[in-house]
Amino acid sequence: MTNAVSPDRRDFFGLALGGLALALAAVSPRAARAQAAGAKLKIATIGAGREGGALGTLFAKEGHPVMFSSRNPDSLKDLVASAGPNAKAGTVAEAVAFGDVVVIAVPYTAMEQIGKDYGPALATKQLVFDVSNPIPRRDGEDFVKKINDQGGAGVASAKMLPGAHVVRAFNAIGSGGLAKAAHRTGEPLGVPIASDDAKAIELASALIKELGFEAVLIGGTAKGKYLVPGTPLGGEHTPAEIRKIAADLT
Ligand SMILES: NC(=O)c1ccc[n+]([C@@H]2O[C@H](COP(=O)([O-])OP(=O)(O)OC[C@H]3O[C@@H](n4cnc5c(N)ncnc54)[C@H](OP(=O)(O)O)[C@@H]3O)[C@@H](O)[C@H]2O)c1
């Protein structure tokens with residue numbers, strides 16, 4: 001697989017921050033996080049509901065400056081308070097302007113409009129995490145069929161976000177289990193990812209590792225259709241289980 005990038009490889013980001021993180025960890029975890037926040041990539045979320053809220057909170061607690069967004073940012077006060085001092089809320093436009101990395105976690109029916117409104121800005125970002133899924137129960141059978149006819153969520157997202165450095169990730173791990181699964185003891189939980197963009201895969205893998213998971217590349221953008229609930233990759237799996245399941249996917 002030409003796009004395969006080991007999750008263990010560190011990009012410039014990991015290398016630059018590795019020494020700094022070690023030095024700061026000697027002070028205190030909280031102080032280290034606060035100081036490291038000045039140097040860490042800024043994370044924006046489009047969608048700050050269950051999944052966007054949970055993921056943004058993990059990044060904020062890891063020391064990243066995070067801006068959650070909503071069409072009504074005042075509704076995010078409780079989320080911002082619980083995510084801690086690195087988090088704030090803004091409009092979707094403010095979050096897009098803020099983030100080096102953007103997490104999109106919205107109903108899939110909103111993706112097209114987001115692409116139209118923010119596509120050019122999103123194409124300038126180092127990485128866009130595509131967490132959203134077409135779900136028949138929420139989005140309608142006809143809508144999901146339309147997406148699947150285009151090749152599924154991976155291909156459809158790439159089409160709606162032209163030029164963006166998109167990696168599908170965290171699509172089928174329930175928001176309720178994320179905090180507990182992050183940095184779990186023993187073997188890390190695997191996060192299957194799909195993308196055609198080697199540099200974005202490398203950065204995504206480093207960020208996923210930072211949250212205490214292990215990214216497992218299952219293939220290119222076209223394989224993104226398997227990163228939805230209800231496929232064999234849905235739910236929680238170890239990295240080895242993900243590799244085994246992915247080997248049988250066509
Ligand atoms: N929940 C999970 O466990 C889970 C796990 C993996 C993946 N996902 C996927 O993640 C996505 C979000 O799921 P969720 O459970 O987090 O949903 P949710 O709790 O209902 O939150 C949806 C979020 O999307 C935002 N949104 C909706 N339409 C928008 C638009 N046109 N422009 C900008 N923001 C918009 C909402 O913001 P406003 O405040 O502006 O309304 C809200 O913050 C879905 O595609 C889902 O399949 C969910």
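This report describes three parts of the structure: strand β8 with its partner, a histidine in the loop that follows, and helix α8.

The model is predicted, and every value below is computed from it.

**Strand β8 and its surroundings**

Strand β8 spans residues 213–219, and A215 is one of the residues found in it. With a relative accessible area of 1%, A215 is buried, because buried here means under 20%. The strand as a whole follows this pattern, since six of the seven residues of β8 are buried, so that β8 is largely enclosed by the rest of the structure. Its partner is strand β7, residues 189–194, which runs parallel to β8 and is joined to it by six bridges; within this pairing, I193 stands opposite L217. Between the two strands in the unit comes helix α11, residues 198–210, and β7, α11 and β8 together make a right-handed β-α-β unit. A215 can also be placed relative to I242, which lies 27 residues away in sequence and 9.8 Å away in space, taken from C-alpha to C-alpha.

**H237 in the loop after β8**

H237 is found in the loop between β8 and α12, the latter covering residues 239–247. Its relative accessibility is 15%, and H237 therefore counts as buried, the limit being 20%. The side chain of H237 reaches the backbone oxygen of G234 at a distance of 2.8 Å. When neighbours within four places in sequence are left aside, H237 is in contact with L189, G190, P232, I242 and I245. Of these contacts, L189 and G190 belong to the residue range of β7, while I242 and I245 fall within the range of α12.

The two residues with stated accessibilities are set out here.

| Residue | Location | Relative accessible area |
|---|---|---|
| A215 | strand β8 (residues 213–219) | 1% |
| H237 | loop between β8 and α12 (239–247) | 15% |

**Helix α8**

Which residues of helix α8 are buried? In this helix, residues 141–149, the buried residues include F143, V144 and I147. They cover an arc of only 95° around the axis, which means that they lie on the same side of α8. On the other side of α8, by contrast, E141, D142, K145 and D149 are exposed. The buried residues of α8 pack against α7, residues 136–139, and against α9, residues 153–160. After α8 comes G151, whose phi is positive, near 115°.

Conventions:
Residues are numbered from 1 along each chain as its sequence is written. This is a predicted model: local features need pLDDT of at least 70, side-chain atom pairs count only at pLDDT 80 or more; totals for chains, interfaces and linings use all residues. Side-chain values use heavy atoms; hydrogens and water are left out. Helices (H or I, at least four residues) and strands (E, at least two) are DSSP runs, numbered from the N terminus. Buried means under 20% relative accessible area, exposed over 50%, partly exposed in between (1.4 Å probe, protein chains only). Two strands pair if DSSP finds at least two bridges between them. A crossover is right-handed if, with the strands pointing away from the viewer, the path from the first strand over the helix to the second runs clockwise. A polar contact is a pair of N or O atoms within 3.5 Å; within protein, one must be able to donate a hydrogen and the other to accept it, and residues adjacent in sequence count only if both atoms are side-chain atoms. Contact means heavy atoms within 4.5 Å. The arc is that of the directions from the helix axis to the C-beta atoms.
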